[in-house]
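The following exercises ask the reader to work from a structure to its salt bridges, its principal pocket and its surface. Each task is followed by a stepwise solution.

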Amino acid sequence: MDTGILILRLLVGLLVAGHGVQKISSHLGGKGLQGGTEEFRADGFRGGALTALAAGGGQIGSGLLLAVGLLTPLAATGAIGVMTVALTVKWRHGLWVQNDGYEYPLVLIGTATALAATGPGAWSLDAALGLTPYPLWWAALALVAGLGSGLLTRLVLHRTAAPAIAER
């Protein structure tokens, strides 16, 4: 079981972190901070570079914490939060990813919640530091806090109307 949890943590954690790297740099196929900023603006978010940095930093931090199995409920909360924002952006396209839907963010939310529920396994920094096992209620708290923070982010930073384009 510990081997399976390790594989899952590494896969999901590194993918979430890599997605964050793409938002703020040209590494891993990213378009740099300017590209991340433009992506958020195109999706209707305020904040420009600060929004891209916060999202990218949140993804990098939570992803790396998940990958190494450190502060797993907190890491899961961060991943759930940023993926909830992504889910709200893609919601209008339906479920399936081939239609730019929310399938991928939903899978990551579910996986992060499952990792918070099972714990990071024996091969983790949490276990090495004696922080495990976490009580099961931490998983519920991670899910509620992650969903809540993602929805609050959407509410606060998303414009209700498309920005006006100046005509020449």
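Three exercises on this predicted model follow.

**Exercise 1.** Identify the salt bridges in the structure and state which elements they link.

*Solution.* A search of the whole structure yields two salt bridges. One joins the side chains of Glu 39 and Lys 23, at 3.7 Å from N to O. Glu 39 belongs to helix α2 and Lys 23 to helix α1, 16 residues apart. Lys 23 is buried, because its relative accessibility of 7% falls under the 20% limit. Glu 39, at 38%, is partly exposed. Next, Asp 100 pairs with Lys 90, with 2.6 Å between the closest N and O atoms. Asp 100 is in the loop between α4 and α5 and Lys 90 is in helix α4, so this pair ties together parts 10 residues apart in sequence. Asp 100 is partly exposed at 38%, and Lys 90 is partly exposed at 24%.

**Exercise 2.** Describe the largest pocket and its lining.

*Solution.* The largest pocket holds about 580 Å³ of space. Its lining comprises 29 residues, and those closest to the centre are His 19, Lys 23, Val 82, Val 85 and Ala 86. Helix α4 contributes the most to this lining, with seven residues. By class, the lining has 13 nonpolar, 10 polar and six charged residues.

**Exercise 3.** Is Leu 74 buried or exposed, and to which surface patch does Leu 74 belong?

*Solution.* Leu 74 lies in helix α4 (residues 72-90). Leu 74 is exposed, because its relative accessible area of 54% is over the 50% limit. Leu 74 forms a nonpolar surface patch with Val 68, Leu 71, Leu 125, Leu 129 and Leu 131, and together they have about 510 Å² of accessible area.

Key: Residues numbered from 1 in each chain as written. Predicted model: local features only at pLDDT ≥ 70, side-chain atom pairs only at ≥ 80, totals over all residues. Heavy atoms only, no water. Patch = residues over 30% accessible without salt bridge, like charges linked within 9 Å, V, L, I, M, F, W, Y side chains within 5 Å. Areas by Shrake-Rupley, 256 points an atom, 1.4 Å probe, with all protein chains shown as cover. Salt bridge = Lys/Arg side-chain N within 4 Å of Asp/Glu carboxyl O. Helix = DSSP H or I, 4+ residues; strand = E, 2+ residues; numbered from the N terminus. Buried < 20%, exposed > 50% of the residue type's maximum accessible area, 1.4 Å probe, protein only. 1 Å grid on protein atoms, 1.4 Å probe; cavity = no way out; pocket = protein on both sides within 12 Å on 5 of 7 lines; lining within 4 Å. Points joined across faces, edges and corners; volume = space filled by probe spheres on them. Nonpolar A, V, L, I, M, F, W, Y, C, P; charged D, E, K, R; others polar.
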